[in-house]
Amino acid sequence: MINIHNKTLQDLEFSTVLQQVSEYCVTHLGNTKTLEITPYQDREILLNALQLTNEYVSSFYNDNRIPNHGFDTITKELQLLRIENTYLETHSLKKLVSISITCNDIILFLKKFEEYYPNLNDFASKIEVTKAIIEKVDSVVDRFGDVKNNASALLNEIRQSIGRLKGKINSSFSSALNMYHNLEYLDDIRESVVENKRVLAVKAMYRRKVKGAIMGGSKTGSIVYIEPETTLQHTRELNNLEYEENEEVIRILKEVTNYLRDFSPLIEQYQSFLTEIDVIAAKAKYAKSMNAILPEITTNKHLYLRDAYHPLLYLNNLENKEKTFPQTIKLNNNSRIIVISGPNAGGKSITLKTVGLLQLMLQSGMLIPVHERSKISLFDRILTDIGDNQSIENHLSTYSYRLKQMNYFLKKCNKNTLFLIDEFGTGSDPELGGALAETFLEEFYSRGAFGIITTHYANLKILATEKDEMINANMMFDERTLEPLYKLAMGQAGSSFTFEVAQKNGIPYSLINRAKKKIERSKVRFDATIAKLQKERSKLEKTSESLKVNEKKKQTEAERLESINIKIQKKLESYQELYDSNQRLIYLGQKVNDISEKYFEDKKKRELMAELFRLVQIENSKRKKVSAKRKKAIKAKETQIKKEAEKKVDVIRQKKKEAKKKEVKIEKPKPILKLGDRVRMNDGKAIGTIDTLEKGKAIVNYGMFTTNVNVDLLELVEAVK
């Protein structure tokens, strides 16, 4: 039986996750239900919930998108259906039709694509598919939300009478309007509408001359609104008919409502089903926003989170376009408890919260942002003690509160428990608090519990090295800048870098030396050794990463070359086939030529035919009988190979042509023209003499005429002496 305390939900900010998920809901009920999500208590129900969410996520990546599940809340309608002699208005009936259509569409869709959505289909198949509600309401209410005329014979008759009567009222009113207008009793506006009735706009001085009921007047008192006497009788009759119409409409609505009362449980199921679908869809959309997946759920106590992201931190950084560093954490029977150490602001607490929040989310039916090869098991309890828990209301100090928490842990901790404690043992005298923390940790260890703690206490780090199923870990730092790398390194304790960080922040070296002398020399050496080992590990990590990158590049290049090699091999085979085919055709051509030459010499037709027939038979004996479809495919392949070969030949020919064009002839330098030089046009034959030269232009005298031309167009025939 899974039972997770509210304190754990608060420590891990689970409510913030629910708030973010609820924003993806499209209905009010779905939003409310999402905010009430808590970890599942039953394992089977939880596993089914995870599958439902996972299947909905898959619908985002295939062509079979699940239909829209939005609906208007029908809580009030359901309440009215439970009360006798009440009836639903037409807009309420339309809401029931809408929710029935939506449910039917989703249920039938999931049935159709059962192969894609087996669990969702199983979940939906419990709801009955029926058109009875839709057909009943549609037989009475039209698409505009009005009761149809043919809903009953009486209603049809009443509405026809109302139509005729309205025609009479309009006719009698028009007669009165024309009569009093001709008598000039009416104002310029002639008529108006009061209480939804047409009235005459009579000048105040003539109000006694117009017969009818006074319905009011203008603000200035110059106009009196009168309903003509001729229409009054018809109006009274119309009021009676409208009352009868309303009574008949209510009777019809009561009849429909009574019919639907039998479907109350089903309609209630509809609303619950669509609310659940809305929650599942919201979880799926939230999962998609952070590329979350469903990891493997193991029955053995084994937790392996590879490339795990803290959801809140990831989405916040994504919005601010900042990088989030994933963590890889492993807990199993050989290393049940991890002791994380290292300087502050290195990411110890966020690593702790990442494990806890992802475990909570998974046990609440949500997918989590981890690598697909991650594995996770379920815990009956998740116990947390994170942050400063000083209780003002209970007048408890941080340490008192933490001791109270440890007492609760001791009562609940067992082999099915995951405990997460931040800054374990702090709040009291370091030596005494450390000793008590060590005792608590030994107790948790002896009970077979799984857990992660963060600490600065050296005795807890040493305890982790001594116990077989406990392991040290540290948050890695850059050895030069002491900037955090936000990466968890397993198997080694982390130094607090106390003096190094102090020096980096400008504390004088003399003060740091004095501080070192005040503590035990062995402790300084221990911390320094850890710091040195941590630096060495950081270097090894970088070297390992570099080797992995190079190996990946080589692998990619090898695959690329292999792919090219395969393509070239296929090309060679194709060209070999083409070559063999062409050689065979050349051989056949040679044979036919020999036979033709022989016939040319001896003119023996019978021998010619026999030789040709024998040649055809020899060739046919080599052929295999294939279907027309296969023959077509072979022909197509041969054509394709020929086209490819011709393309390559064309390319070679084109290159040769271009090479020839590039062989530019060495042109003689153009001579400088002078006055008196004999010249001719580049494309002409007539020879003239240059009379003048100015700005690249020359006037050439041809004897009979002169012309002005560009110097570039002239060719020297004879230079002036």
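A strand here is a DSSP run of type E with at least two residues, numbered from the N terminus. The exercises below use this term for a predicted model.

**Exercise 1. Positive phi angles**

Find where Arg190 and Glu184 lie, and decide for each whether it is buried, partly exposed or exposed.

Solution.
- Step 1: Arg190 sits in strand β1. Its phi is positive, about 65 degrees, although Arg190 is not a glycine.
- Step 2: The relative accessible area of Arg190 is 28%. Partly exposed residues fall between the 20% and 50% cut-offs, so Arg190 is partly exposed.
- Step 3: Glu184 belongs to the loop between α9 (153-182) and β1 (186-194). Glu184 also has a positive phi, near 60 degrees, and is not a glycine.
- Step 4: For Glu184 the relative accessible area is 56%. The exposed class begins over 50%, so Glu184 is exposed.

**Exercise 2. An open sheet**

State the order of the five strands in the open sheet, and explain why β18 and β19 each have one side without a neighbour.

Solution.
- Step 1: The order is β18-β17-β16-β15-β19, with antiparallel pairing.
- Step 2: β18 (706-710) and β19 (714-718) are at the edges and have a single partner strand each, so one side of each has no neighbour in the sheet.
- Step 3: From one strand to the next, the twist averages 45 degrees.
- Step 4: Take one pair in detail. Strand β17 (residues 697-701) runs antiparallel to β18 and is joined to it by five bridges. In one of the pairings, Ala698 has Val709 of β18 as its bridge partner.
- Background: strands of a sheet pair through backbone hydrogen bonds.

**Exercise 3. The length and cover of a helix**

Check whether the span of helix α13 (residues 348-362) agrees with 1.5 Å a residue, and find how many of its residues are buried.

Solution.
- Step 1: Helix α13 has 15 residues, and the expected span is 21 Å. This is because the rise is multiplied by one less than the number of residues.
- Step 2: The end C-alpha atoms of α13 are 22 Å apart, which agrees.
- Step 3: Of the 15 residues in α13, 12 are buried, so the helix is mostly covered. Among them are Leu357, Leu360 and Met361.

**Exercise 4. The nonpolar cores**

Which residues have the most contacts inside the largest nonpolar core, and which helix gives the most to it?

Solution.
- Step 1: The largest core has 97 residues, and those with the most contacts inside it are Phe14, Tyr56, Phe273, Leu305, Met361 and Ile452.
- Step 2: Helix α11 (residues 264-289) gives the most to this core, with 13 residues.
- Step 3: Leaving aside residues up to four places away in sequence, Phe14 touches Leu9, Ile37, Leu357, Leu360, Met361, Ser364 and Met366.
- Step 4: Another core lies apart from the largest one; it has 21 residues, including Leu383 and Phe424.

**Exercise 5. Aromatic pairs**

Classify the ring pairs Phe109 with Phe113 and Phe109 with Tyr117 as stacked, tilted or edge-to-face.

Solution.
- Step 1: Planes under 30 degrees apart count as stacked and those over 60 as edge-to-face.
- Step 2: The ring centres of Phe109 and Phe113 are 4.8 Å apart and the planes are at 50 degrees, so this pair is tilted.
- Step 3: Phe109 and Tyr117 are 6.1 Å apart, centre to centre, with 35 degrees between the planes; this pair is tilted.
- Step 4: Relative accessibility is 13% for Phe109, 18% for Phe113 and 0% for Tyr117. Phe109 is buried, as are Phe113 and Tyr117.
- Step 5: Phe109, Phe113, Tyr116 and Tyr117 make up one aromatic cluster.

Note on methods: Residues numbered from 1 in each chain as written. Predicted model: local features only at pLDDT ≥ 70, side-chain atom pairs only at ≥ 80, totals over all residues. Heavy atoms only, no water. Pairing = 2+ DSSP bridges. Helix = DSSP H or I, 4+ residues; strand = E, 2+ residues; numbered from the N terminus. Axes fitted to C-alpha atoms, helices over the stretch in contact; angles between N-to-C directions. Buried < 20%, exposed > 50% of the residue type's maximum accessible area, 1.4 Å probe, protein only. Core = buried A, V, L, I, M, F, W, Y, C linked by side-chain atoms within 4.5 Å. Contact = heavy atoms within 4.5 Å. Phe/Tyr/Trp six-rings, centres within 6.5 Å; stacked < 30°, edge-to-face > 60°.
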